[in-house]
Amino acid sequence: MSKDLTVIAKRYASALFEVAGKENLDKAEAELRLVKSIMEQNHDIERILNHPKISEKQKKQIVKDIIGTDISASVLNTVFLLIDRNRQGLITEMAGQFIELANESRGIADATVYSVRLLSEDEKRQLEETFAKPAGKQRLRIENIIDQSLVGGVRIRIGNRIFDGSVRGKLERIERQLAATQG
């Protein structure tokens, strides 16, 4: 996505963030996580929303039918506003930007931990204690993804930073060092 579109999506996210306020922040974030997930998992929705022969009214009804009636008016109206302004392609990006704003306001970062097996809650807590401060956050919200190619250890992604403590990563670093000394 171009930088300009990201800036536009962030403006909508910021406006919704202000409307949601502290008291409705958790609910709005949960709703936008749902919207983002639905949009990312079903690419047909995006094609339908971008189709020129489908009216705005129909697009709004489709969105309402897909995301359900339990969505707050402020979130739904923001999505509808994007459709009204022919910016429905920014719905997923706007949701992501809102989640980042919500996390930032709470001192939380989303972290993806890749491991060869599912981590226990105790292991997740230890990773959070170890990596939250270097990431400049108070807490981490950890999503654990199984990746058998790591051989062992973990790889952690926090924003655009990656901490690679996997066996595979260590082997690749050793290989690069050996290649550098021989070349």
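This passage describes the nonpolar cores, the paired strands and a surface patch of a predicted model.

A good place to begin is the interior. The largest nonpolar core holds 30 residues, and those with the most contacts inside it are L32, L49, V63, I67, I91, M94 and F98. At least two residues of this core come from each of α1 (3-20), α2 (25-41), α3 (43-50), α4 (56-67), α5 (73-84) and α6 (91-106), with α1 giving the largest share, seven residues. I67 offers a closer view of the packing: leaving aside residues up to four places away in sequence, I67 touches L34, V35, I38 and L76. Another core, of 12 residues, lies apart from this one and includes A109, L127, L140 and V154.

V154 also leads into the strands. In strand β3 (residues 154-158) the side chains alternate, so to speak, between two faces: V154, I156 and I158 point to one face and are buried, whereas R155 and R157 point to the other and are not buried. Strand β1 (residues 108-115) runs antiparallel to β3 and is joined to β3 by five bridges, with T112 standing opposite R157. β3 also pairs with strand β4 (residues 161-164), again in the antiparallel sense, over four bridges; here R155 has D164 as its bridge partner. The two strands β3 and β4 form a hairpin with two residues between them, and G159 in the turn has a positive phi of about 65°.

On the surface, V151, V167, L171, I174 and L178 form a nonpolar patch, together presenting about 450 Å² of accessible area. Of these, V167 belongs to helix α8 (residues 167-182) and is partly exposed, with a relative accessible area of 33%.

Technical notes:
Residues are numbered from 1 along each chain as its sequence is written. This is a predicted model: local features need pLDDT of at least 70, side-chain atom pairs count only at pLDDT 80 or more; totals for chains, interfaces and linings use all residues. Side-chain values use heavy atoms; hydrogens and water are left out. Buried means under 20% relative accessible area, exposed over 50%, partly exposed in between (1.4 Å probe, protein chains only). Two strands pair if DSSP finds at least two bridges between them. Patches are made of residues with over 30% relative accessible area and no salt bridge: like charges are joined within 9 Å, nonpolar side chains (Val, Leu, Ile, Met, Phe, Trp, Tyr) within 5 Å. Accessible areas come from the Shrake-Rupley method with a 1.4 Å probe; for residues, only the protein chains shown count as cover. A salt bridge is a side-chain nitrogen of Lys or Arg within 4 Å of a carboxyl oxygen of Asp or Glu. A nonpolar core is a set of buried Ala, Val, Leu, Ile, Met, Phe, Trp, Tyr and Cys residues joined through side-chain atoms within 4.5 Å. Contact means heavy atoms within 4.5 Å.
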